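Biologist: Please take a close look at a single part of this model and lead me from there into its surroundings, explaining each term when it comes up.

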Amino acid sequence: MRVSYKWLKEYVDIPVSPEELAEKMTMTGVAVENIEYPGRGLDKIVTGRIESISPHPDADKLVFCRINIGSEVLQVVTGAPNVREGQIILLALVGATLPGGKITKAKLRGVESFGMLCSAQEMGLDPKNFPPDQQEGILEFAADTPLGVDARELLGLDDVVLELELTPNRADCLSMVGVAREVSAVLGTKVKMPEIKVGETSEVIDGQVTVTINNPELCGRYVGRLIRNVKIEPSPVWMQHRLQAAGIRPISNIVDVTNYVLMELGQPLHAFDYDKLRDHAIIVRKAKPGEKIYSLDDVERELSTEMLVIADPARPVAIAGVMGGLDTEITGETTSVLIESAYFNPASIHRTSKTLALQSESSMRFAKGIDPNGCLLAANRACQLIQEMGAGENVKGAVDNFPVPRDNAVIRLRPERTALIIGIEVPASQIREIMIKLGFGVKEDGEGFLVEVPTRRGDISAEIDLIEEVARLFGYNNIPTTLPEGASSEGRKTIAQTVTDEVIDVMTRCGLTEIITLSFMNPRVLDILNLPADNPLREVVTVENPLSEEQRILRMTMLHGIFDIMSRNTARKNKDLAFFEVGRIFTPVEGEKLPKETLTLAAGVMGRTKSGWQTGAAEMDFYYLKGVLETLMDTLNITRYNIAPETANPTFHPGRTAGIELAGNVVGVIGEVHPNVTDNYRLSEKVLALQVNLEELISAVGGARKYSQLPKYPAIERDIAIVVSKDVLSADVNRIIRKNAGQLLESISLFDLYEGEQIKEGYKSMAFALKFQAPDRTLTDEEVNTIHEKIQKALQDSLGAELRA
Amino acid sequence: MRQKLESIRNDALKEISVASDLSQVNDIRVKFLGKKGELTNVLRGMGALSADERPVIGQLANEVRESIEREIEQKMSVLREAEKLAQLSRETIDVTLPGRPFQIGKRHPLTVVLDEIKEIFLGLGFEIAETPEVEVDYYNFEALNFPADHPARDMQDSFYISPGVLLRTHTSGTQPRVMEKRAPYIPLKVIGPGRVYRRDDDATHSPMFHQIEGFIIDKNISFSDLKGTLLVVVRQMFGEDRQIRLRPSFFPFTEPSAEVDVSCIMCNGAGCRVCSNTGWLEILGAGMIHPNVLKMSGYDPEEVTGFAFGLGVERVAMLKYGIDDLRLLFDNDKRFLAQF
Ligand SMILES: [Zn+2]
């Protein structure tokens, strides 16, 4: 809402500067977002008359004019195409500073020039605020315009415009009078309502217009007034200036008056060409199936049966509260006008305007709720203005169909409740004073106040709404600062929250950096991740109204985020990437409204580890990432998990991928990403990735750790080296060793793995260090040798292992 | 013979005094004291001495030997000390060479800020609640006193999954979700952090961002308690000398409602580019929980009251780190992430 300070002062005394007013309003709830000074910088621009035009001797496109600005006659060279002798124009004098630069005395092709003729644009004004014929080229004014008049005065720019940022509840401030009332409440000064007196002819409205409301629940009131002998012409300059300040383009007197009253009183009006209304009958009804209308913007619109229309017996003539119809539009030929001033159901208008994607100053106000008790007043005000400016003659009386009257609300306001909510006791006298300043009626009884709230404040319907009024006008900054006193409570994280934080911690300690990616994906990602048509991951949650195809589905895997960020980094020549993300994935659940959201960890590495001058970089391969996983499991004290080959995950390399199993369930995957997938992401190096269901990990987290005694007796170490087929899994060797070693085996560790020269094709050499220890005695060599031999034999028997010296 | 012994001593001491390393000293030992050394040679001639002379010469020979040995010991210790110093000096390294690099990852700046904020509220006795990102209309709007078909809903343009199901537009749904489960328990002190979604995508808006909702329900909770709590939080977050300012505002689920500004962390209120010369930065919305919201979720608004607030995590992160472009936060450039 744009508020002209000059215009506002007609309705309320403002003993403070616009800046101070803005500050005070902002701090009491009607925020002034911006203060505009439309005339700023427009000094040294005055009206002048073009006395003569002569061709420029040396330039075809230039002419020189002699311009009379009252005090003197100046020579100006111009290239403006639409100059005529006798024209009244605006001349920027030498020294004026326009957005395009300072005007200086210039010589154009040898001819001296003392100024510049101005168009709206050159003055930094929005051409859209000017009548159509003034939007292009230099501005032109009536022949009787005095010479030497300052442009700011002429254009009504000697003003300040406050731009209000209104919250949806303050629809009452969508008018000058509404803002004036707010200003009066804030400053404590008096509101001066415009005096409304309608001059009427002797012709009466009875029998000239019929109004039928079929749906009173959608149209609570309909007022009509008839105006005869209408002469369509431009509205007076003062009205045009006010509309321009409000951001509305002047069109013609009748339309301008409806807009003026809209801005002044907040009541949207519509003007019909009376003679084009069949039978001069108005029917307010819902649209019929398939019904269409050409709206004022010349678009044919299909209406739904939910929408309210204004119709004559033949057809809809307006989409109620949203936009008029083209058929009954005011034109230059219009001679009789029917002014509509109605109250429509806010929700209905909001729905219709949303469905049709049509928002206007009117629909916006109806949707937020206007004052049904203001309809007649607004229609009268319009008639008054039309008559005063000689644009038409008012037929006596109005049609006023008011099936759903609304009374002022009477609300109880308890001072002690007010004190409880605000936190400070506001004296009853001050509460009363605030209510009165707001224009509310106040009565006092034993239990507090009974406040009568006028219908223009539709946002106030309960005690809490009144308490808010007290609080904001008392001043939030006058309310003290205290801390809650009640029982204390303990703040702590849940186990899941603690574990999640720990996961992030472990990942960073392992050298991976956290990323946060959007939860959206392009459905194409399903193909990019190599998922076949029958893959269950293709069951996705789809967004109905995404901003783009890129954001059509919700992620059902976190791997895309990792790969996508790797890809973006690679494109910027960032190498050696190690990322992880913790977030939710979404899977639809049959028969459920809401999808399942699963807290998930994903990680990816690519390239090499950090290297220094001493230590070389190591390739971040499968075992690097597996090390990260093992560290994570160890930190979370999860011991019973299993890593088993996984050959069928389409996103991963079939021979370099494993499932992460907890209690027999696969809860994640770790492996080298399938080359097709890395190609799809334009990643030229191997990528290792993992994804694991964090909720499963959280529920598997081991209990508190218990210390176990340090060994008292020395350990005996033995190495064992075998050659086995390449297919034999390290885990299988481990299992056989453990099974045969019994209780005395303290630990196994693989310390060498070798394939190649000296080992036959298809085989590998593995060397393990075994550590034996007993808690209660020193082991003898003989004991250990016996076990060792048993292990060797078992490896030979079950794996065909060949022992190496 | 006495003469000979004296000359051996003199020769030996002279040689020792000029010896410059341990091996030379060793050679001197062999030369004078070894089995075939000079002293031994001289002593072989003892047999030719008279019985009177023998003990005298013997004693002298011992003295000579001892003095040479003492001298050798002394010399060797001096030389060893010198050698050690030389050794240490040879071992000098370039301490200005860079250290061995450890690969340590970083938390995302939004996580860092979220963690900080969570810690502040845990310290104030709040618990942390997590609620769905895909939400039903009821918890996102209706239970928060947003009427159907009301322009208030337009303030938050939503992504819909199906009729009545949407991506939550704020974390405020934490209020009804938690209240419903816990009513009529008091005191209830909860924060609800998480991702939220709105149909906006430009230089200053991301279709996904993070909020933290917080609320308290107890007996006698007032607007002044809200002010006090927020002041504590803001000071922990941005420093002890911060001020806050509350401006009346509107949210359907709180009344009275406020926008909360903090005195600019860049200019301390003097006015700068970051605060658009106002001296204040808008950082959160807050208010007293609307009685309708309490009622719908099982609390009696005549018995208890509460306050609620919502904080934009991106906004805080950008202010804290001086990040001037929101998109950097979701761009995840390695060089950006390495800075936190
Ligand atoms: Zn500042």
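Modeller: Donors are N, O and S atoms within 2.8 Å of the metal (3.2 Å for Na, K and Ca), and because water is not among the atoms, sites may look incomplete. This is a predicted model, in which local features need pLDDT of at least 70 and side-chain atom pairs count only at pLDDT 80 or more, while totals for chains, interfaces and linings use all residues. Residues are numbered from 1 along each chain as its sequence is written, chains are lettered from A and ligands numbered from 1 in the order in which they are written, and side-chain values use heavy atoms, with hydrogens and water left out.

The part I choose is the zinc site, where the protein donors are the SG atoms of B:Cys264, B:Cys267, B:Cys272 and B:Cys275, lying 2.2 to 2.3 Å from the ion. Along the chain these donors follow the spacing C-x2-C-x4-C-x2-C. The arrangement is tetrahedral because the four donor atoms subtend angles of 103 to 112° around the zinc ion; four donors count as tetrahedral if all angles lie between 85 and 135 degrees. B:Cys267 is buried, with a relative accessible area of 16%, and B:Cys275 is also buried, at 3%, where buried means under 20% relative accessible area, exposed over 50% and partly exposed in between (1.4 Å probe, protein chains only).

Elsewhere in chain B, the side chains of B:Arg247 and B:Glu282 meet in a salt bridge of 3.2 Å, N to O, the term meaning a side-chain nitrogen of Lys or Arg within 4 Å of a carboxyl oxygen of Asp or Glu. This pair links distant parts of the chain, 35 residues apart, with B:Arg247 in strand S7 (residues 244-251) and B:Glu282 in strand S9 (residues 280-289) of chain B; helices (H or I, at least four residues) and strands (E, at least two) are DSSP runs, numbered from the N terminus. B:Arg247 is buried, with a relative accessible area of 11%, whereas B:Glu282 is partly exposed, at 40%.

Another salt bridge, of 2.6 Å, N to O, joins the side chains of B:Asp331 and A:Arg572. The pair crosses between chains, from helix H12 (residues 328-331) of chain B to the loop between helix H15 (559-571) and S33 of chain A. B:Asp331 is buried, with a relative accessible area of 15%, while A:Arg572 is partly exposed, at 33%.

Methods: Tetrahedral: all angles 85-135°; square planar, octahedral: opposite > 155°, others 65-115°.
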